[in-house]
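This report walks through a protein model, moving from the overall picture to individual residues. Please keep the sequence and the coordinates in view while reading.

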Amino acid sequence: MPELMRRHSLTASTLAGDTKIPVPPLIFTKGQGEELVAISYLGSDLCGHVGIVHGGLLATMLDEGLARCCFAALPNRVGVTARLEIDYRK
């Protein structure tokens with residue numbers, strides 16, 4: 001990600017750090033967004049409860065993954081999420 005954009009990125013800037021997101025995700029894609037697998041290491045400061053990643057961060061990661069899949073198909077390669085609904089396990 002270019003440095004100019006990185007400064008405005010929640011996951012690449014604000015949440016970056018040794019106890020948060022210490023390294024960028026490892027991402028594998030197939031075709032023009034047909035499939036995407038992202039492997040992330042998340043630090044202990046991103047827990048909602050001890051040992052459980054905060055649900056808001058999980059939603060953010062899902063949103064970013066979906067964006068990576070669809071951007072190639074968009075005319076300007078830019079888009080925003082209009083709605084993301086997640087039902088969390090109780």
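The text below takes up confidence and overall layout, then the strand hairpin, then selected residues and the cysteines.

## Confidence and overall layout

The model is predicted, and the protein chain has an average pLDDT of 87, with 99% of the residues scoring at least 70. Confidence in the protein chain is lowest in helix H1, which covers residues 3-6 and has a mean of 79, while the highest value, 91, belongs to S2. As a caution for reading such models, predicted coordinates should not be read in detail where pLDDT is low.

The protein chain contains 3 helices and 4 strands, and along the sequence these elements follow the pattern α-α-β-β-β-β-α. The C-alpha trace of the chain spans about 40 × 35 × 25 Å along its principal axes. Of the 90 residues in the protein chain, 10% count as buried, and the chain exposes about 7300 Å², of which carbon and sulfur atoms supply 58%. Among the contacts in the protein chain with a separation of 6 or more, 35% are accounted for by residues 24 or more positions apart.

## The S1-S2 hairpin

Strand S1, made of residues 26-30, and strand S2, made of residues 35-39, run antiparallel and are joined by 5 bridges. The two strands form a hairpin with 4 residues between them, and Gly31, which sits in the turn, has a positive phi of about 65°. Within this pairing, Phe28 stands opposite Val37 in S2.

Val37 itself illustrates how the hairpin is put together at the level of side chains and backbone. With neighbours within four places in sequence left aside, Val37 is in contact with Leu26, Ile27 and Phe28. The C-alpha atoms of Val37 and Leu26 are 8.2 Å apart in space, although the two residues are 11 residues apart in sequence. Val37 is classed as partly exposed because its relative accessible area is 46%, a value that falls between the limits of 20% and 50%.

## Selected residues in helices and loops

The table collects the location and relative accessible area of residues discussed in this report.

| Residue | Location | Relative accessible area |
|---|---|---|
| Ser9 | loop between H1 and H2 | 11%, buried |
| Thr11 | helix H2 (residues 10-14) | 14%, buried |
| Asp18 | loop between H2 and S1 | 73%, exposed |
| Val37 | strand S2 | 46%, partly exposed |
| Leu57 | helix H3 (residues 55-71) | 7%, buried |

Ser9 lies in the loop between H1 and H2, and a polar atom of its side chain is 3.1 Å from the backbone nitrogen of Ala12. Thr11, in helix H2, is linked through its side chain to the side chain of Glu64 by a polar contact of 2.9 Å. When residues up to four places away in sequence are not counted, Thr11 touches Ala16, Ile21, Thr60 and Glu64, and Thr11 counts as buried because its relative accessible area of 14% is under 20%.

Leu57 belongs to helix H3 and is likewise buried, with a relative accessibility of 7%. Its contacts, again leaving aside neighbours within four places in sequence, are with Leu15, Leu42 and Leu46. For Leu57 and Leu46, which are 11 residues apart along the chain, the C-alpha atoms are separated by 7.6 Å.

Asp18, in the loop between H2 and S1, offers a contrast in accessibility, since its relative accessible area of 73% is over the 50% limit and Asp18 therefore counts as exposed. Asp18 and Ile86 are 68 residues apart in sequence, and their C-alpha atoms are 28 Å apart in space.

## Cysteines

Why does Cys70 form no bond with the closest cysteine sulfur? The sulfur of Cys70 is 7.6 Å from that of Cys69, which is too far for a bond, because a disulfide requires the two sulfur atoms to be within 2.5 Å. The structure as a whole holds 0 disulfides. As for accessibility, Cys70 counts as partly exposed at 35% relative accessibility, and Cys47 is also partly exposed, with a relative accessible area of 30%.

Note on methods
Residues numbered from 1 in each chain as written. Predicted model: local features only at pLDDT ≥ 70, side-chain atom pairs only at ≥ 80, totals over all residues. Heavy atoms only, no water. Buried < 20%, exposed > 50% of the residue type's maximum accessible area, 1.4 Å probe, protein only. Pairing = 2+ DSSP bridges. pLDDT = per-residue confidence, 0-100. Polar contact = N/O pair within 3.5 Å; in protein donor to acceptor, adjacent residues only side chain to side chain. Contact = heavy atoms within 4.5 Å. Areas by Shrake-Rupley, 256 points an atom, 1.4 Å probe, with all protein chains shown as cover.
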